[in-house]
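Thanks for sharing this one. Here are my notes, in the order I went through them.

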Amino acid sequence: MPKLNLTGWILVGLVAGIVVGLLQYWLLPDAVNEATVRWFHDPIGRLFLNGIRLLVVPLVLVSLTLGTAAIGDLGKLGRIGGKTMGIYLTTTAVAITIGLVLASIVQPGGGLDIPTDATFTGTKAPPVTDIIVDIVPTNPFVAMVEGKMLQVIFVALLAGLAVARVGRAAEPLVRWLEAADKIIQTMVGMIMLIAPVGVFALIAKVIVSEGLAVFVPLLKYMATVLGSLGLHALVVYPLLLVLLARLSPLQFFRNIYPAQVLGFSTSSSNATLPVTMEVAETRLGTRESIH
């Protein structure tokens, strides 16, 4: 009988969390479930998420600085950035189109009783010019402390370009960054050892707290969202993989499975980012493959 790898254990934790959560929700009194969430599920889940988020800023800063320095040529970096932005905007437009078409067909809001006097209580979106200006931080350390990822990315790209232009004089810093990158990747691997337990706690907490009844009024909406995501993930992306990257979609999805499972269980892009980067570097290729 083959031994389970980490991804397999994460899936076991996911299924176990659903099962245990449902059993607790149905069989135990509310007071017991509340205490279980407060003293077991919630602390373990938050500890796991905090451990992953701990590494987001240093991982992005070090990895992007090294990657940018490795590319070196500003023109080449611009071409890669232009292609990345083009693919991002194209897939975003396709995703929006799929969502609008399915929503117009399914009408997921039909039948829901929405108050006519409801008012918008959210914050107004800032102007585009403010968003662009905010990318450049006045204090990079504050940006890192507050986890402002666009600003951290800008600092990393700028530092990487500077390292590339300095050349041989910056080689000690490059060696230090390479060592730091390996240390951070090792730390990600260490934290991921508790991922099965963390995923179990996170899923069980949601099920114990909400049960399945909360999803019944939203089934139509959920079906629309899941259908849109399924079309995008299983049709659009595989076509891009085949046409642009000449990659097998099955092999690609098999390789990125750890990031997918963690993203599903945590619903947090920040928490998933370190694992996504590790998967991209170790299971999809290395930085050298961009040359």
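The points below cover one helix, the cores and one helix pair.

1. Please keep in mind that this is a predicted model, in which local features need pLDDT of at least 70, side-chain atom pairs count only at pLDDT 80 or more, and totals for chains, interfaces and linings use all residues. Residues are numbered from 1 along each chain as its sequence is written, and side-chain values use heavy atoms, with hydrogens and water left out.

2. Helix H8 (residues 171-192; helices are DSSP runs of H or I, at least four residues) spans 31 Å from its first C-alpha to its last, close to the expected 32 Å (1.5 Å times one less than its number of residues). Among its buried residues (under 20% relative accessible area, 1.4 Å probe, protein chains only) are Leu177, Ile184 and Met192. The buried residues line one face of H8, because they fall within an arc of 140° seen down its axis (taken from the directions from the axis to the C-beta atoms). On the other side, Trp176, Lys182, Ile183 and Met190 are exposed (over 50%).

3. The largest nonpolar core (buried Ala, Val, Leu, Ile, Met, Phe, Trp, Tyr and Cys joined through side-chain atoms within 4.5 Å) has 22 residues; Ile10 and Met192 are among those touching the most other members. Helix H9 (195-210) is one of the helices supplying at least two residues, and its five form the largest share.

4. The axes of H3 (residues 56-71) and H7 (residues 149-166) come within 7 Å and cross at roughly 35° (lines fitted to C-alpha atoms over the stretch in contact, angles from 0 to 180 degrees between N-to-C directions). Residues in contact (heavy atoms within 4.5 Å) include Val60 and Leu64 of H3 and Val152 and Ala156 of H7.
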